[in-house]
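Hi,

Here is the structure I promised to pass on. Have a look at it first, then read my notes below with the viewer open.

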Amino acid sequence: MAMQMLPPDWPGNFWAHWAIFAVAVLVFVLLMVIVFIWFERRAMAVMQARLGPNRAGPFGLLQSVADALKILIKEDIIPARSDKLVHWLAPVVAFVPALLIFAVIPFRGGAILADLNIGILYIVAISSITTVGIFMAGWSSNNKYSTLGAMRQVASVVSYEIPVVLSLVGVILLAGSLSMQQIVAAQNIPFILLQPLGFLLFFTGALAEINRAPFDLTEADSELVAGYMTEYSGMKFGLFFLAEYAEALAISAIVTTIFLGGWRGPLLPDWLWFLVKVFIVFFVIVWIRTTVPRLRIDQLMALAWKFLFPLALLNLLITAIEILVWPAVSLWVFVPINIAIAIVLVVLWSKFFKLGWGKVEV
Amino acid sequence: MKFERYGIGIARGLSVTIRHLLRRPITTQYPEQRLNISRRSRGNELIWDENKCTGCGTCAKACHIGAIHISTSTNLVDNKYKVEKYEVDTGCCIFCGLCVEACPFEALFLSYDYERSQYRRGDLVQTKEMMMETPERKVSGYFYPGRAAKLPRQSLLVNNDRGKT
Amino acid sequence: METTKEIVINTEPFVVNFGPAHPSTHGVFRMRMTLDGEVIVDMEPVFGYLHRGIEKLAEERTYTQIIPLTDRLDYLASMSNNLAYCLAVEKLAGIAVPERAEYIRVIIAELQRVASHLCAVGFFLNDCGAFMTPVLYMLRERERVLDLFDMVCGQRLTYNYMRVGGVSQDVPDEFIPAVKKFVREMPGWLDEYERLLKENEILLARAKGVGILPRDLAINIGASGPVLRASGVPWDIRKADPYSIYDRFEFDVPVGLAGDCYDRYRVRVEEMRQSLRILRQAIKDLPRGGEVRSQVPHLIRPPVGEAYGHLEGPRGELGFYLVSDGSIAPYRFHVRAPTFINLTALADMMRGWKIADAIIVFGSIDICMGEVDR
């Protein structure tokens with residue numbers, strides 16, 4: 001099936017291209033976030049032997065709209081001794097980077113807002129700004145438990161950045177370019193098969209960065225603090241909530257583009273494949289949330305530094321060796337080799353992984 | 001934290017959750033679907049049989065809250081007291097059924113329904129006109145197996161019966 | 001030559017209030033924790049928010065009228081409360097119970113144990129963070145048991161079923177086939193729940209080795225039930241001081257080794273399996289026909305004296321102490337609540353652990369505030 005590649009600056013005029021795509025990205029993200037909230041509630045409910053929301057609108061599709069309306073009309077309470085400007089800015093700083101990531105995601109062949117040749121670097125840089133927003137929220141609330149929660153979040157994000165970036169470098173080595181378009185174009189074999197260990201590391205690290213289970217201790221409601229969102233109400237809380245789902249959408253889109261082959265697929269049109277893959281990745285995220293209990297903060301940091309980080313380094317080393325030593329061999333040879341190496345490494349490293357070299361209990 | 005089983009525990013848990021996608025949820029969509037409640041259900045009203053009641057007051061003595069108020073007149077007709085006031089404060093009542101068990105003349109029953117909420121607390125008091133057995137106000141089979149046999153069978157979850165519309 | 005100055009940062013422990021209204025824990029219970037950073041230095045439990053004066057109310061009610069009051073003590077296992085109270089009155093007044101009533105009591109008590117442990121295990125796993133999935137699965141099984149209880153006595157939470165000298169009414173005809181079906185299917189469901197979370201690495205990391213209750217401390221404070229058995233003491237009242245007809249049944253008592261939260265969770269799951277074993281034997285031996293309530297006067301007047309009737313409830317040794325002065329109401333009525341006594345060790349179990357572990361330790365003791373506060 002011939003891929004209809006749109007020219008990169010369709011429809012010719014720079015400003016028209018930018019305007020159309022900016023509006024399209026905004027609409028896409030907001031719509032998909034609403035659909036994701038509905039999808040998560042229904043999928044989690046069916047896995048828990050019950051029905052999700054099904055009263056507001058057909059199949060409960062308007063439930064998110066009802067929730068959004070409710071949040072909009074709530075009173076906006078600002079603590080008296082908080083830092084007012086920072087308090088007001090924090091939700092914005094937390095939400096906007098999630099939107100900015102979509103500038104470099106290819107939705108279909110050639111349909112991309114800006115085909116930067118440093119696509120992945122841009123994503124890594126922008127996604128760290130969310131943490132600044134969260135810390136601003138925790139700090140400005142004038143509440144020591146919010147600050148504690150926000151500091152935990154900063155510590156966990158900083159710890160998980162490194163395995164995430166290192167696993168991305170493996171993909172970059174295989175594709176030969178940082179640009180997202182090129183990465184999709186280079187995936188004759190989806191990179192999930194060629195980099196199974198990298199996929200697992202990236203997925204785990206990404207879950208930790210977007211604060212979803214099993215790493216959601218900063219927003220857990222059976223912990224002492226309610227996290228950085230305690231002092232927020234009304235639409236500001238709504239923005240944090242949207243930011244969480246927008247980041248989940250962003251991670252699903254990134255995983256689809258980098259590991260699953262983006263919009264490439266045999267029979268269906270390109271944009272449909274993209275949507276299907278994004279939904280599958282999000283379903284896996286919801287599935288994990290439904291099943292797995294939560295980690296404690298020191299266990300979370302130990303997992304990042306002692307388990308994921310060495311494996312990420314090893315993954316990078318092995319990928320580099322494979323590319324250098326056998327450049328002419330067809331890539332299909334590497335699929336079983338890499339999968340075998342991934343399994344062996346995970347099994348072996350699990351045996352060695354202990355908290356505090358075994359001296360610390362649990 | 002040890003990771004000795006290299007994630008197999010997590011994988012097994014995930015397999016259990018995914019299997020539930022293929023099962024029917026066990027929710028009953030009330031009020032379109034309803035379950036048949038137990039035949040001996042202790043419902044939210046008391047039902048009184050005027051012909052059998054003699055005004056002896058055993059039920060009022062058996063109630064440990066004092067939710068039953070009886071007032072009789074000494075008009076001895078057919079060797080029975082004339083019961084002038086028979087009032088149950090269903091707001092106080094805990095529906096334990098001790099009064100039903102205590103009645104020696106089988107004149108008091110618990111009702112079979114559960115949808116009996118009112119807007120004001122004063123409306124919860126049942127006077128003797130509101131306690132007659134009618135087709136809408138059915139008698140439950142608590143303590144009376146004869147009456148229980150006439151009621152429909154209970155929907156049980158062990159039988160995967162989740163109600164009908 | 002440079003001399004390095006030691007900079008000492010003054011930190012002081014601060015007191016935090018885990019208030020009576022929790023997001024997701026069990027009842028109105030308040031803990032005042034002294035924290036040093038994230039580590040708990042000391043903990044002081046404050047309860048009494050659900051005190052309703054049941055012991056005083058019981059002094060003004062006749063012996064039969066107290067039974068609905070006992071329902072509301074440990075409201076997650078009401079049948080055990082009713083049964084323990086009836087055992088105490090029967091011991092005080094010397095009333096015998098017919099055979100069929102004894103078997104029905106055992107069946108109901110073991111079903112109640114299964115239901116209560118399901119609730120306890122589900123909410124413990126929810127506190128570990130698994131977001132309501134174990135809770136909803138366990139509540140689904142509990143629904144099956146509650147349907148059976150609904151069939152027998154008409155209510156799902158406060159049963160008022162046991163009477164002094166037997167049970168209040170005979171079980172209907174469809175009860176025993178339904179119980180048989182439940183007992184046949186339940187081990188399969190238990191296996192599925194074990195597969196869900198028994199070997200989960202994260203659960204092992206959160207619960208293994210956390211909140212250890214040493215054996216000596218457990219015996220010294222008078223703990224009982226799964227909390228005691230998980231610490232390595234094989235003490236079960238059904239075996240040590242058999243009441244009712246428990247000496248006719250064959251079952252094992254699961255005992256843990258380490259006394260941590262994970263062992264308490266495993267002990268409860270194994271106890272559920274043993275309860276199913278007892279249920280199978282009891283259903284087989286249930287005598288057909290016969291009365292279920294011995295003839296006792298409407299107002300019981302036990303002779304002057306005192307009696308203590310106890311049984312192995314789901315949460316531990318549940319005992320009722322009655323002092324009678326010959327009248328229709330007891331002179332003194334006291335409840336030995338198992339969780340109230342198990343709570344004594346909470347401070348020792350939590351010292352040295354972090355805030356996140358405090359919730360898990362608290363959930364593993366399985367508290368029901370109704371009986372702590374009475």
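In what order do the three strands β1, β2 and β3 of chain C lie in their open sheet? The order is β1-β2-β3, and the pairing is antiparallel. Before you go further, keep in mind that this is a predicted model.

**The β1-β2-β3 sheet of chain C**

Start at the edges. β1 (14-18) and β3 (39-46) of chain C each have a single partner strand, so one side of each is left without a neighbour in the sheet. From one strand to the next, the twist averages 25°.

Now go through the pairs. Five bridges hold β1(C) against β2 (residues 30-36) of chain C, in the antiparallel sense. If you want a spot to zoom in on, C:Phe18 has C:Met31 in β2(C) as its bridge partner. Between β2(C) and β3(C) there are seven bridges, antiparallel again, and here C:Leu35 stands opposite C:Ile40 in β3(C). β2(C) and β3(C) also form a hairpin, with two residues between them. Look in the turn for C:Gly37, which has a positive phi of about 75°.

As background, strands of a sheet pair through backbone hydrogen bonds, either parallel or antiparallel.

**Another sheet in chain C**

Further along the chain, three strands form an open sheet in the order β6-β7-β8, with antiparallel pairing. Its edge strands are β6 (305-313) and β8 (332-336) of chain C, and each of them pairs on one side only. On average, neighbouring strands in this sheet are turned by 10° against each other, direction ignored.

Strand β7 (residues 316-324) of chain C is joined to β8(C) by five bridges, and the two run antiparallel. For a residue pair to find on screen, try C:Phe320, whose bridge partner in β8(C) is C:Val335. There is a helix to look for here too: α3 (residues 78-93) of chain C lies across β6 and β7 of chain C, running at about 150° to β6(C).

**Where chain C touches chain B**

How many residues of chain C are in contact with chain B? There are 28, and they meet 28 residues of chain B. On the chain C side, the elements that give two or more residues are α5 (133-153), α6 (175-197) and α7 (201-207). The largest share, eight residues, comes from α5(C). Sorted by class, this side of chain C has eight nonpolar, nine polar and 11 charged residues.

One helix pair is worth opening up. Two packed helices are described by the angle between their axes and the distance between the axes. Helix α1 (residues 8-19) of chain B packs against α6(C) at an angle of about 130°, with the axes 6 Å apart. The two helices are therefore oblique to each other. From α1(B), the contact uses B:Arg12, B:Gly13 and B:Val16, while α6(C) brings C:Glu192, C:Arg195, C:Leu196 and C:Leu197. By class, the residues of this contact are three nonpolar, one polar and three charged.

**A helix with a bend in chain A**

Next, switch to helix α6 (residues 144-175) of chain A. This helix has 32 residues and reaches 46 Å from its first C-alpha to its last, close to the 46 Å expected at 1.5 Å a residue. Where does α6(A) bend? The bend is at A:Glu161, by about 25°, and a proline, A:Pro163, follows within four residues. After α6(A) comes A:Gly176, with a positive phi near 85°.

**Two backbone details to look up**

In chain B, a cis peptide bond joins B:Tyr30 and B:Pro31, with omega at about 5°. You'll find B:Pro31 in the loop between α1 and β1 (46-48) of chain B.

In chain A, check A:Ala49: its phi is positive, about 65°, although it is not a glycine. A:Ala49 sits in the loop between α1 (14-47) and α2 (63-72) of chain A.

Have fun clicking around, and write back with anything you get stuck on.

Cheers

Note on methods:
Residues numbered from 1 in each chain as written. Chains lettered and ligands numbered in written order. Predicted model: local features only at pLDDT ≥ 70, side-chain atom pairs only at ≥ 80, totals over all residues. Contact = placed C-beta atoms within 7 Å. Nonpolar A, V, L, I, M, F, W, Y, C, P; charged D, E, K, R; others polar. Pairing = 2+ DSSP bridges. Axes fitted to C-alpha atoms, helices over the stretch in contact; angles between N-to-C directions. Parallel < 35°, antiparallel > 145°, perpendicular 65-115°, else oblique. Expected span 1.5 Å × (residues − 1). Bend = angle between axes of the 7 residues up to and from the residue.
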